[in-house]
Amino acid sequence: MTRADLIRDRLQAAFTPLALEVVDDSHRHAGHAGARPEGETHYSVYIVSAAFSGKSRLERHRMVNAELADQLTPDRIHALAITARTPDEPGQAGGARDPA
Amino acid sequence: MTDINAQIDNEVKSNDVVLFMKGTPDFPQCGFSGQVAQILGYLGVTYKGVNVLADAAVREGIKAYSNWPTIPQLYVKGEFIGGCDIVREMFQAGELQELFNGKGIAVKQEA
């Protein structure tokens, strides 16, 4: 199982999202501090879930980070870009959806 | 409060706008830090950049201070605003400009 699979499984279980995309961007950061030769360091998450209703951006990010805390704090995941929306919010401004 | 926590707390409370980042405002060493520096520069906001790469204690300490696992981190008047994604989304929505205006921090007027 890749780390992207693990992120996907955790977020699927925690938020039962309507949409969930996890992209491994590690190759785009190759050679940069924090990148490792084996990759699996940089990720983008796009997630749409009713669980974010009534939550601020900060709260939503904290909810996602909390599910991945054991991956983030020992710096397994070096960077995690998050776009977290509710089903009734437009999704076009999402960083995770921007073309590479 | 530990020494490093007190040091960070002092930094955050004695400067109106503080960006904990990798590198400096002129020479960011990470794309995410660079995006936030670019947004603040575009808005013409005066801020203090703290280079976490220059001090390992600050680099780890800031994550505990805010309970936020990543860098950059933007603080305005002592309040933690967010990281790169949040700052960018707020900027795109015009909310960042409103936040600065509401807190009495000078922002360059757009044409």
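Trainee: Why is Cys84(B) called buried?

Mentor: Buried means under 20% relative accessible area, with exposed over 50% and partly exposed in between (1.4 Å probe, protein chains only). Cys84(B) has 8%, so the label fits. Cys30(B), at 7%, is buried as well. Keep in mind that this is a predicted model, where local features need pLDDT of at least 70, side-chain atom pairs count only at pLDDT 80 or more, and totals for chains, interfaces and linings use all residues. Residues are numbered from 1 along each chain as its sequence is written, and side-chain values use heavy atoms, leaving out hydrogens and water.

Trainee: How do you know that the structure holds 0 disulfides over all chains?

Mentor: A disulfide needs a pair of cysteine sulfur atoms within 2.5 Å. Take Cys30(B): the nearest cysteine sulfur, that of Cys84(B), is 8.0 Å away, so Cys30(B) is in no disulfide. The total over all chains is 0.

Trainee: What makes Glu95(B) and Arg57(A) a salt bridge?

Mentor: The term asks for a side-chain nitrogen of Lys or Arg within 4 Å of a carboxyl oxygen of Asp or Glu. Here the closest N and O atoms are 2.6 Å apart, so the pair qualifies. The count between chain A and chain B is 2 salt bridges.

Trainee: What is the area buried between chain A and chain B?

Mentor: About 1,500 Å², with carbon and sulfur atoms giving 53%. That's the accessible area (1.4 Å probe) the two parts lose on being put together, summed over both. Arg57(A), Leu58(A) and Arg62(A) supply 39% of what chain A buries against chain B, more than any other three residues.

Note on methods: Chains are lettered from A and ligands numbered from 1 in the order in which they are written.
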